[in-house]
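The following exercises concern one protein model. Please study the sequence and the structure before reading each solution.

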Amino acid sequence: MTSRNRPILVLGATGQQGGAVAAHLLRDGWDVRALTRDQSSKAAQELADKGATLFQGNMENRDELAVAMQDVYGVFSVQPPVWDLHAIEEEVRLGTNVADVAKQAGVQHFVYSSISGAEAQSLFRPVAKWEVEKYVRVLNLPATILRFTFFMENYISAYSPIQNGTYAEAIAHDTPVNLIAVDEIGAFVKIAFQEPETFIGKTMEMAGDSLTPPELAAAYSRATGQSIVYTPISIETLRAESEAQANIYEWLNSGGHVVDLPALRAFHPGLTRFEEWLAKQGKGKN
């Protein structure tokens, strides 16, 4: 029996990342299981209509996780983000729960969604995903750790740093902003499951494009027809609001986050650039 004949359990399947992963795996012919708190929700039913098998449960309940993981080949693990940068306990607990059950179930390929520069960021703030990464390694799970950066979707959301013709963020003019479209998360996870011999044991920094703030503003202007001007926020201003956020941007401005885009494009030649994504996906959402 090949791996393709056995299921993959996708956590967070009704959310952004898990939804993208489930969609890519289903289109690629995988047997997909989706763990959901509410099987009757619209998002869950849409997954079922596309061919996913729904399992009722949540990441707090190890018994429910064990049922969903019975006889699976792989697991995609992502936990809900915790916006309080110092309150990491819940995310760590959920992430380690999933890893423990995967180990007990004999999962052959565990793909974990982490955050860009998890280890480096842990030197100046608590990072839940770094704690989970370390735990996955201690368990010696056959794992791939993919560290994702800023979502392109963030730049057209209600909380976008681009508002009323101004792009305001605490990034230095010459510091590249690494970005990835949520759909590309699904594409890369699918590739990882397709090529376990290449990806198991790897920790990879993931992005789809890298633009300095002026380049990002210019791309946004061209794609949307809006005139966008970059106005940087000072680190001191940001620090008055959040010490943790200020430290993150200082790390970014120091060149701390490095992504090998040519290597990523070798794995996935169709990797979406920001301007292309805006023209195809984001323009109608502005």
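**Exercise 1: A strand and its neighbours**

Four bridges connect β4 with strand β5 (residues 109–115), and the two strands run parallel. Residues are numbered from 1 along each chain as its sequence is written. The model is predicted: local features need pLDDT of at least 70, side-chain atom pairs count only at pLDDT 80 or more, totals for chains, interfaces and linings use all residues, and side-chain values use heavy atoms, with hydrogens and water left out. Helices (H or I, at least four residues) and strands (E, at least two) are DSSP runs, numbered from the N terminus.

Task: determine which residues are opposite or bridge partners in the pairings of β4 with β5 and with β1.

Step 1. On the β5 side, Ser 77 stands opposite Tyr 112.

Step 2. Strand β1 (residues 8–10) is joined to β4 by three bridges, and these strands run parallel. Here Leu 9 has Val 75 as its bridge partner in β4.

Step 3. Consider the directions in which the residues of β4 point. In a regular strand the side chains alternate between the two faces of the sheet. Gly 74 and Phe 76 of β4 (residues 74–77) point one way, Val 75 and Ser 77 point the other way, and all are buried. Buried means under 20% relative accessible area, exposed over 50%, and partly exposed in between (1.4 Å probe, protein chains only).

**Exercise 2: The whole sheet**

Task: state in which order the strands of the open sheet are arranged, and which strands form its edges.

Step 1. The sheet is open and has seven strands, in the order β3-β2-β1-β4-β5-β6-β11, with parallel pairing. Two strands pair if DSSP finds at least two bridges between them.

Step 2. The edges are β3 (53–56) and β11 (203–206), each of which pairs on one side only. From one strand to the next, the twist averages 20 degrees.

Step 3. At the β3 edge, four bridges join β3 to strand β2 (residues 32–36), and the two run parallel. Thr 36 has Gln 56 as its bridge partner in β3.

Step 4. Helix α3 (residues 62–69) packs on the sheet and touches β1, β2, β3 and β4; its direction makes about 165 degrees with that of β2. Contact means heavy atoms within 4.5 Å. Axes are lines fitted to C-alpha atoms, for helices over the stretch in contact, and angles run from 0 to 180 degrees between N-to-C directions.

**Exercise 3: A helix length**

Task: compare the span of helix α9 with its expected value.

Step 1. The expected span is 1.5 Å times one less than the number of residues.

Step 2. For the twelve residues of α9 (residues 213–224) this gives 16 Å, and the end C-alpha atoms are 16 Å apart, which agrees.

Step 3. The buried residues of α9 include Leu 216, Ala 217 and Tyr 220. After α9 comes Gly 225, whose phi is positive, near 80 degrees.

**Exercise 4: Two positive phi angles**

Task: describe where Asp 71 and Asn 164 lie, and whether each is buried or exposed.

Step 1. Most residues other than glycine have a negative phi.

Step 2. Asp 71, which is not a glycine, has a positive phi of about 65 degrees. Asp 71 lies in the loop between α3 and β4 and counts as exposed because its relative accessibility is 53%.

Step 3. Asn 164, also not a glycine, has a positive phi of about 55 degrees. Asn 164 is located in the loop between β8 (162–163) and β9, and its relative accessible area of 81% makes it exposed.
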